[in-house]
Each structure stands twice: as C-alpha cells, then as structure tokens.
Amino acid sequence: MSLSCFEFVDKKSQLTLEEAQQLLLDEARLWHQQQDRVHRLPLQQALGAHLAASLSAPQAVPPHTNSAMDGYALVGASLVSQTQWQLVGTQLAGQMTSHRLQPGEAMAITTGAALPPGADTVVMQEQCHVEGDQLTIQRAAEMRIGANVRQAGEDLQQGQQVLAAGARLGPVQLGLLASLGCADVPVRPALKVAVFSTGDEVVAAGQPLAPGQIYDTNRTSLISLLQALGCQVSDLGILPDDQQVIHQALAQAALTHQLVITSGGVSVGQADWIKPVLNQLGETRFWQLAIRPGRPFAFGHLGQNASGETCFFAGLPGNPVAVMVTFMLLVQPLILALQGAEAGAATPVHAQAEEEIKSRLGRSDFYRARLSTSPTGQLSVRVVGEQGSGRLSSMHEANCLVRLDEQEALKARGDSVRVYPFAGFLAGYLA
C-alpha cells in the first residue's frame, strides 16, 4: 500500500521530486472520483480543451475511393495493352456516376471526386493528350496500376478509435474531428485558477519603484503558463505581507476556483504567512522538497469552493526561476491531471555533459542548460548563465534543465546526464 502524504511528512522533512509528483497525481485522481463534470462544446470553441471520452470514427475517412489529383480515371489493367482510350464523361467532386468503365474507356476526373465503378487508376492530365473523345497516354505501359488513388478508409476505418479520453484538442485534432462530421465534443471544463503574488517589496509592472522594491515577474509568468495549459485564469494581483489580508483573499478566491496559486511567502521568514493561513483555511499536504531551486513549496487545499469541490492550493517560492521550475515539474502535471489529460507525461532524455557539473548529495539539483544535437545525432548539453534562482535571464538562454539526482555529487565531462527539454515540459515554450 502506498504511503499517504501525512506518513511522508511525518517521516521525512523533505520529499523527493518523484514522491511529491505522485502525491499530486493521487490527489487529482481522488478529485476526479468525487465529481464527473463534462461539457459539450462546438468544435470552434473547443481549442485547448481535453476530451472527456474516447471518440471513434462513425464512418470511414475518406468515405469513398477518390482521385488524388486532376486527370483521367480508367481500368489500370488496360495500360499494358493500349495507348488510346475513349472518353465517356466527366466525374466532378461531389458527384457520383453509375456508369461502369470498361478497359477501353476513360473518364475525366477532378481531385477528390469519387472513382467511377470499374476504375482503379488515375493518370495525371499532364501525361495525357485529348483530341475529341479520344485520350492518348504517352508511355502508358510504364504507368503504375492504382496510381493517384486514395482508397476509402485509408485514413480512418469505421469504428477505429480516433482520440483517447484526455487528449488535448489542438488545430490538428479539431480538423480530424471535423473530418468525421463531429459538430461538438465532450470535454472537461477548463480549470479555474486564481493567481496571486505576495510581498510588500513586489510592485506591478508600470508602477514606480520605491527603494527596496522589485517588479513582479512571477504573476506574468504564471498567468502565461496557465493560459498555455487552457486554464481559466483570474489575476488577483499582489498580496501584502499581512496575515489577515492574505487570509481573507485566499478564502474569497477559494470560493470560485479549483486551484489557487501564490508565489513567495512560503519560507520561514517573519513575513511568510502563507503556510499558517493555509492551515487555518484548509490543510497542508506537504511543504518542503529536496530539490533546488524550489525547496520551499507548499501544497494543500483551502477547503471546498461554492460548487462543493476541493479547492487546491500551491504556494510557489518567490524567486522567478524557482517559480518556473516548480511549476514545470509539479504544478503543470497536477493541472493536466485535474483537467483529465491523457496519461503519459513527457519523459526526460539523456545527453552527454559538455563540462563538469557539481551538485550536493541529498537533493536533486536542476541546472538551466542548452541541449544540442551533433551532425551524427549525439545529444549533448552545457550549463548556461548564472544559476542563481533570481536570474530569469538564464531561463531565456536555456532550452532545458539538467538534473543531478540526490545521490549524484558530480558528473564529469562526457558523462550521461538526465535532461528535461522545455519543448516537452514547459507549457507554451517558444524556442
């Protein structure tokens, strides 16, 4: 039997990344068991949503054998014995003919038009010459029987599963569903997420800075990440270092959301009020992680929202890089699971270290790095920029994270290291 989060917290001061990830996924599974909300949305409104049920093809795609280009349809076997055919009509897209072609007959046909009965080959019009009702094909014997024909069901067979439950609907998937004649689809509703920043030192962009203040980068990053995941996001601004104000704001946000995210205020400083407020309103599931950056990370819940659902809470660190790393490794998998995403997260790759990388035993260190591929296909990676958790510019320079595990204090040049490419792990990443 797996350990509960309370057993983990009681026995360990810090969770490993994998322990924390498993606990988050367990919470998401339990949440889904307690409620089963499904919406039907028109295809034009379903971009970014996750399917609530698997979908199968109600009919074959394409529904009939058709021409792949403009040309002339004929019986392919006749290509080896003759060079001239009698034209007996024209087949346009959207039309059907009952005339069955004989070996000496041909019919003009347009791209996408159904093949006439008896025909199995289309010869491109550029390879043909027409005089009156006579069609001549140069080098006919070299033509391939069955050429330029799309068979019925060659894309999808009737009854074939097209998309699995949990699949996210992008332009390709929506076009695929449209090809099946679907007007609407069953989807999980977008997760409602509230975002706060915390701290008296934090100022919204566009406002003047007083001595000792900094601009709020975390809220902008988090909102962008959440939007890339298809969430319905509420930007609730910046909370001061005031326990009563924080308590009231989180309690209010919990009523109308399924997840509340804050950044900052989760450490052990005198002005860090997130954890006490979380325990007053709901429950802390875990707090500290054996990772860097991102050790102070509070996860729990704020009780139930107005719909009777658990409102989860994720308190991220205050440093910008730690915010993005913990979101990528922990919050993003939680959100995908809550939105019913199909199972199977992105998996790290292995690459050759271009330089020596040092770590500290007992924790997983994540380094911002650049992953590249040699002409022979060998993956290699190098650490980039200063690695302080406040240096967001190094995230811009990087395209991946390199991980050294709890038991790894050193990776030498040429060693294999585990790599988390942003393209697979960070929502909305643009190279």
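## Exercises on the cores and domains of a predicted model

**Exercise 1.** Leaving aside neighbours within four places in sequence, which residues is Leu-316 in contact with in this predicted model?

Solution. Leaving aside those neighbours, the contacts of Leu-316 are Leu-222, Ile-261, Thr-262, Ser-263, Gly-264, Val-266, Pro-296, Phe-297, Val-323, Thr-326, Phe-327 and Val-331. The model is predicted.

**Exercise 2.** Describe the largest nonpolar core and state where it lies with respect to the domains.

Solution. Step 1: the largest nonpolar core has 49 residues, and Leu-316 is among those with the most contacts inside it, along with Ile-261, Phe-286, Phe-297, Phe-327 and Ile-335. Step 2: elements giving two or more residues to this core include helix H2 (17–34), helix H4 (218–228), strand S22 (310–316) and helix H9 (422–425). Helix H7 gives the most, with 13 residues. Step 3: domain 1 (11–37 + 189–338) and domain 4 (349–421) both give residues to this core, so the core lies between them. Apart from this core lies another of 18 residues, among them Val-277, Ala-298, Leu-302 and Phe-313.

**Exercise 3.** Place Pro-348 in the chain, and decide whether Pro-348 is buried, partly exposed or exposed.

Solution. Step 1: Pro-348 sits in the loop between H7 and strand S23 (349–353). Step 2: the relative accessible area of Pro-348 is 29%. Buried means under 20% and exposed over 50%, so Pro-348 is partly exposed. Step 3: not counting residues up to four places away in sequence, Pro-348 touches Arg-418, Val-419, Tyr-420 and Phe-425.

**Exercise 4.** What distance separates the centres of domain 2 and domain 4, taken over C-alpha atoms?

Solution. Step 1: the domain assignment gives domain 2 as 39–63 + 153–188 and domain 4 as 349–421. Step 2: their centres are separated by 39 Å.

Key:
Residues numbered from 1 in each chain as written. Predicted model: local features only at pLDDT ≥ 70, side-chain atom pairs only at ≥ 80, totals over all residues. Heavy atoms only, no water. Core = buried A, V, L, I, M, F, W, Y, C linked by side-chain atoms within 4.5 Å. Buried < 20%, exposed > 50% of the residue type's maximum accessible area, 1.4 Å probe, protein only. Helix = DSSP H or I, 4+ residues; strand = E, 2+ residues; numbered from the N terminus. Domains from an automatic or database assignment. Contact = heavy atoms within 4.5 Å.
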